[in-house]
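Hi,

Here is the structure I promised to pass on. Have a look at it first, and my notes follow below.

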Amino acid sequence: MSLTLYHRHVLEDYLAGFGEKANPNHIAVIRRPAIFSILAHRAHEAAVEDALKPVEGVHLRYCAPDEWLVVSTTLGAAVIENRLGEIAGASIVDQSDGRALLRIHGPNVRKILAKCVAVDLHADAFAIGTSANMLCCHVSVNLARTGADTFEIVVPRSFCGSLFEDVMEMGREFALTAAFADS
Amino acid sequence: MTSYRLGSAGTVNRGQPLTFTFDGKSYKGFDGDTLASALLANDQMLMGRSFKYHRPRGPVTAGSSEPNALMTIGTGARAEPNVRATVAELYNGLTAVSQNRWPSLSTDIGAINGLLSPMLGAGFYYKTFMWPAALWEKLYEPVIRRAAGLGKLAMQADPDRYEKSWAHCDLLVIGSGPAGLMAALAAGRAGARVMLADEGFLLGGSLLSESASVGGVSALDFVKAAIEELASLPNVTLMPRTTVFGWYDDMVFGAVERVQKHVAVPSPDLPMERLWRIVAKRAILASGSEERPLVFGGNDKPGVMTASAMRTYANRYGVAAGGKVAVFTNGGSGYRTASDLIAAGVDVTTIIDARAQSADAVPEGVRMIRGGAVVDTKGRKRIDALIAERSGFQEEIACDALAMSGGWSPIVHLMCQRGAKPVWSDEAQAFLAPDVGSAFVAAGSAAGAQTISASLRDGAAKAAALARELGFAAYEMNIPEVEGEYDPAFAPVWYVPGAKGKAFVDLQNDVAVSDLGLAQREGFGHIEHTKRYTTAGMATDQGKLGNVNTIGIVAGMRGVSPAQIGTTTFRPFYTPVSFGALAGTSRGEHAAPTRTSPLHDWAKKNGATFVEAGLWHRSSWFARAGERTWRESVDREVQTVRSNAGLCDVSTLGKIEIFGTGAAEFLNRVYCNNFLKLPVGKARYGLMLREDGMILDDGTTSRLSENHYVMTTTTAYAGEVMAHLEFAAQTFWPELDVRFVSVTDQWAQMSLAGPKARTIMSRVVEDDISDAAFPYLGARAVTLRGGLKARLFRISFSGELAYELAVPSGYGEAVADAIMEAGRDEGICAYGVEALNVLRIEKGFVTHSEIDGRTTPDDLGFGRMMAMQKPDFIGKRQSSRFGLTAADRLQLVGLRPLEKLEEFSAGAHLLKEDATPAMANDQGWVSSVCQSPTLGHTIGLALMKSGRERYGETIVVWDGLRGGQVLAQVCPPVFVDPENRKLQG
């Protein structure tokens with residue numbers, strides 16, 4: 001007997017009610033992102049960070065001293081596991097199913113996020129490429145700025161539904177929409 | 001009805017008339033009016049009834065310090081009580097109702113309290129309603145509440161939305177009058193991120209009420225130009241309708257923005273109010289100053305208001321407070337009001353100056369009484385005359401409005417909210433802002449500046465200095481010339497002697513000068529005591545107008561300086577803030593975030609009822625057709641697990657991945673039992689202790705490879721254990737190579753338990769899981785049929801043959817479906833945490849009902865797990881304390897009722913037979929109870945003194961809370977399969 005198992009995104013039911021059209025302020029919920037936790041071991045901290053930077057097709061997200069998330073919306077988890085597996089002094093853990101990736105974009109994105117996080121997201125304080133762990137609507141997330149008006153939220157799966165509803169509520173005055181996206 | 005609207009003066013938009021109602025009567029106002037200015041324009045001076053004596057009252061200010069003109073605005077669920085009409089922005093269709101009166105505002109039965117006022121002085125309630133005590137709650141308190149009070153809540157759910165937002169800036173400017181505007185311009189031009197917040201619906205502060213010209217144009221045009229420039233700067237944020245109400249640690253300011261309070265039909269997509277938490281590197285308090293009322297006989301009657309309020313109504317709103325106005329002043333403000341009113345065409349009859357002489361210019365045609373006083377006013381719903389006194393001679397002067405000015409007090413509230421007290425200045429005759437460090441400074445009249453030009457200079461200079469401190473190049477600014485400003489200097493008059501009527505010092509709470517005297521005589525002399533005894537300075541206005549006069553009068557009574565009296569304590573909020581704004585979106589189901597398991601939808605479609613366990617929503621039981629109570633479902637689930645198999649969601653357990661060459665040694669130190677030699681591919685139950693020797697948490701840890709483990713924690717302690725591990729690794733043993741990461745969310749984990757578990761699991765898992773290949777406590781990666789990688793653990797929390805299967809969360813539902821399908825012919829069922837609890841109690845397994853922070857391993861029967869031969873582990877040292885090894889400690893036992901049908905509950909206490917039911921005879925208590933479907937009666941786990949020595953003893957289970965006693969037999973805590981035959985099978 002062979003099992004055919006379907007993968008289910010945590011927001012499947014939440015997004016069912018949204019139409020096709022994305023408004024200027026929009027959340028793209030990445031359907032199958034690859035997300036890994038990287039832990040650098042003692043005495044390998046700098047070497048691990050140096051080794052992570054040139055890895056192609058992935059984004060590095062700072063979490064804590066010597067701890068990062070590696071995120072990719074284009075490469076599969078298996079590919080990344082192979083690429084990262086060779087880094088000496090690092091432990092890597094697949095979190096692709098344990099985290100959801102929400103990309104929020106639009107002209108009012110900072111006003112929306114100001115209702116969600118306590119961190120100053122002005123470009124002078126939180127430039128493109130910056131990321132940090134922070135509370136977002138009471139939930140611990142990793143927030144990264146990936147563009148002038150684009151941020152990515154990496155949120156634990158179990159909190160994702162609750163967080164999604166809260167962020168949508170904060171975006172209500174700016175007609176925030178949401179839909180799945182493949183990358 | 002006369003119209004008091006002036007011909008052309010003011011900033012209201014006369015092209016946009018608005019209709020509104022007050023007490024059911026329709027009125028007209030203009031866009032730009034406040035409710036108070038519109039009512040005044042319609043000759044409606046009477047706006048409320050006072051708190052205690054129900055005296056008729058009109059507005060005494062034109063701003064947020066208003067004590068009198070409180071109204072209920074809106075209808076139905078949107079009715080909001082105690083709104084100050086003086087700041088309520090008028091909109092079309094606004095509905096306002098007066099408060100604290102019956103049957104109507106003009107005929108109020110409660111006014112009889114005024115006749116009783118000799119009996120109702122300060123402390124009246126404390127003295128009168130002392131006996132009998134039982135009547136206080138039943139009679140006195142409800143009656144007093146009905147007689148005295150403010151508006152009433154709608155008692156309906158608030159239909160509107162509220163939000164909270166953060167903001168960050170280099171400089172927060174609080175107040176947009178002359179100092180605030182210049183401060184914002186100075187820092188804004190320098191490139192700093194500036195936020196300019198003002199409680200008013202128009203920015204400009206006091207300049208909106210000024211007749212002077214600034215920079216060669218009218219004050220209003222100056223404001224318009226400044227706002228236009230500020231609005232054009234991308235680094236400046238303008239926040240009208242935003243009250244900064246609190247100053248908190250780390251330069252965080254709390255503010256509330258009234259987003260839609262002025263809108264007839266609120267948009268459902270916008271919040272009604274928005275609470276701001278503003279993180280400012282620097283802040284300037286440009287909140288201006290408050291004009292003090294004078295305390296004289298009859299000073300509370302409708303028509304008596306501060307001189308600056310009367311000026312604001314005339315200059316800003318184009319409304320005359322009366323047709324025949326008198327002025328009572330101790331400084332320049334009264335004279336300025338007189339001349340502004342005359343310029344607007346209002347008849348000013350008399351200026352009464354408390355001072356014998358002054359340099360202020362007396363407008364032509366106005367009668368001047370120097371060294372005089374007002375000792376009483378006449379009229380009820382609006383004054384019609386005043387009694388003036390000079391040199392012992394009294395004279396009645398006809399007037400329908402009286403402007404009073406008792407000098408000025410800087411508004412320093414925010415700077416005093418974190419412990420600093422305002423500082424008395426003899427020179428300014430006022431309490432000035434304290435020095436609270438260089439990050440937060442006062443400017444303009446909040447800092448004691450007296451004139452517009454001084455405020456403009458002060459605001460610009462202080463903002464430029466702060467901007468430079470932050471590294472911005474702030475250049476000197478041209479300070480605009482002010483023409484026609486006046487000198488507001490005054491001589492203090494705390495109390496006008498000779499009052500013929502009551503002289504009120506706190507208008508909102510009906511506190512008269514006589515009450516202050518009574519408080520001093522009765523020993524409530526400290527200003528904080530005086531406040532509580534008399535209620536001066538309480539309620540919605542918190543004494544914004546009256547407090548300084550209270551202090552001055554008490555100082556006078558005691559013959560000391562106000563500096564020695566000091567002020568009462570300033571606390572947030574500056575003005576009242578609604579609970580809705582403070583709660584924001586966190587209400588109802590969103591009061592706290594919720595966590596759902598990857599098997600949530602699987603549980604839902606299988607009929608689960610959910611229970612909140614912390615933030616998690618866990619499946620509690622799975623009702624099937626025909627089952628009428630939860631017990632029926634739970635009994636069926638338990639029996640199915642014991643006879644066939646059941647599937648339970650255990651995804652909520654904490655899961656921590658542990659890596660490193662030091663991981664084995666680390667685990668050996670955080671667990672009290674041995675972990676150093678755990679073989680790869682095996683799981684082990686572990687007990688983690690706190691330093692004090694009590695159990696912190698339990699769970700299993702499995703070794704997946706030489707330097708790689710995965711730990712499970714209880715659902716409730718997942719976060720605590722993670723923090724505990726990080727703390728131990730970073731501070732106790734930084735030399736150990738060990739790293740952790742939580743993977744709780746990565747894995748959907750399900751427990752398949754029951755005699756048929758292996759049969760079912762082998763249909764899903766490709767690997768050989770025979771007892772030989774995968775024995776009890778086996779733990780390793782497996783492949784599901786079809787290729788999905790998973791982790792399998794042979795561990796059990798039910799005493800049955802059981803497996804926990806972990807799969808990536810996204811596949812959780814599909815895999816659970818597959819297991820249910822594979823087990824259909826074996827009679828599988830889904831079971832929830834209720835059945836899980838029954839199964840574990842039957843087997844004597846403990847949870848946090850027993851691991852409650854007061855129990856040691858030995859208490860729970862795990863004494864032999866303590867590996868005392870290990871060099872060290874957390875909790876080892878303190879475990880040998882005398883109290884922890886005492887023979888009469890509470891120990892885990894089982895309880896079964898002597899009579900099979902009798903039941904008892906968790907929380908009940910244990911007594912020896914024939915002992916008097918009292919805690920003095922306490923033998924322990926019941927920690928967990930369930931109805932065992934396997935045994936057919938109630939069973940319980942209990943913690944009992946020397947429990948393990950007392951198996952067989954009959955004990956009384958005493959439930960003092962619910963009532964009742966049940967006889968039970970003490971037994972070992974394992975009720976089902978004590979030999980573990982099923983577990984190992």
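In chain A of this predicted model, 67% of the contacts between residues at least 6 apart in sequence join residues at least 24 apart. The chain is built from 5 helices and 10 strands, and 45% of its 183 residues are buried. Along the principal axes, its C-alpha atoms fill a box of roughly 55 × 50 × 25 Å. The radius of gyration of chain A is 17 Å, which agrees with the value near 16 Å for a compact globule of 183 residues.

You may also like the interface. There, 39 residues of chain A are in contact with 40 residues of chain B. On the chain B side, the elements giving two or more residues are β8 (162–174), β32 (595–596), β36 (654–659), β40 (739–742) and α20 (812–822). The largest share, 6 residues, comes from β8(B). By class, this side of chain B has 17 nonpolar, 12 polar and 11 charged residues.

One of those elements, α20(B), deserves a second look. Because 8 of its 11 residues are buried, α20(B) is largely enclosed by the rest of the structure. The buried ones are G812(B), E813(B), A814(B), V815(B), A816(B), A818(B), I819(B) and A822(B). What do they pack against? Their partners in chain B are the helices α15 (600–605) and α19 (757–762), together with the strands β35 (646–649), β41 (747–753) and β44 (802–808). So α20(B) is largely enclosed, and α20(B) also gives two or more residues to the side of chain B that touches chain A.

Happy browsing, and best wishes!

Technical notes:
Residues are numbered from 1 along each chain as its sequence is written. Chains are lettered from A and ligands numbered from 1 in the order in which they are written. This is a predicted model: local features need pLDDT of at least 70, side-chain atom pairs count only at pLDDT 80 or more; totals for chains, interfaces and linings use all residues. Helices (H or I, at least four residues) and strands (E, at least two) are DSSP runs, numbered from the N terminus. The radius of gyration is taken over C-alpha atoms; the globule rule is 2.2 Å times the number of residues to the power 0.38. A residue is buried if 20 or more other C-beta atoms lie within 10 Å of its own, exposed if 12 or fewer, and partly exposed in between; C-beta atoms are placed from the backbone. Two residues are in contact if their C-beta atoms, placed from the backbone, lie within 7 Å. Ala, Val, Leu, Ile, Met, Phe, Trp, Tyr, Cys and Pro count as nonpolar, Asp, Glu, Lys and Arg as charged, and the others, Gly among them, as polar.
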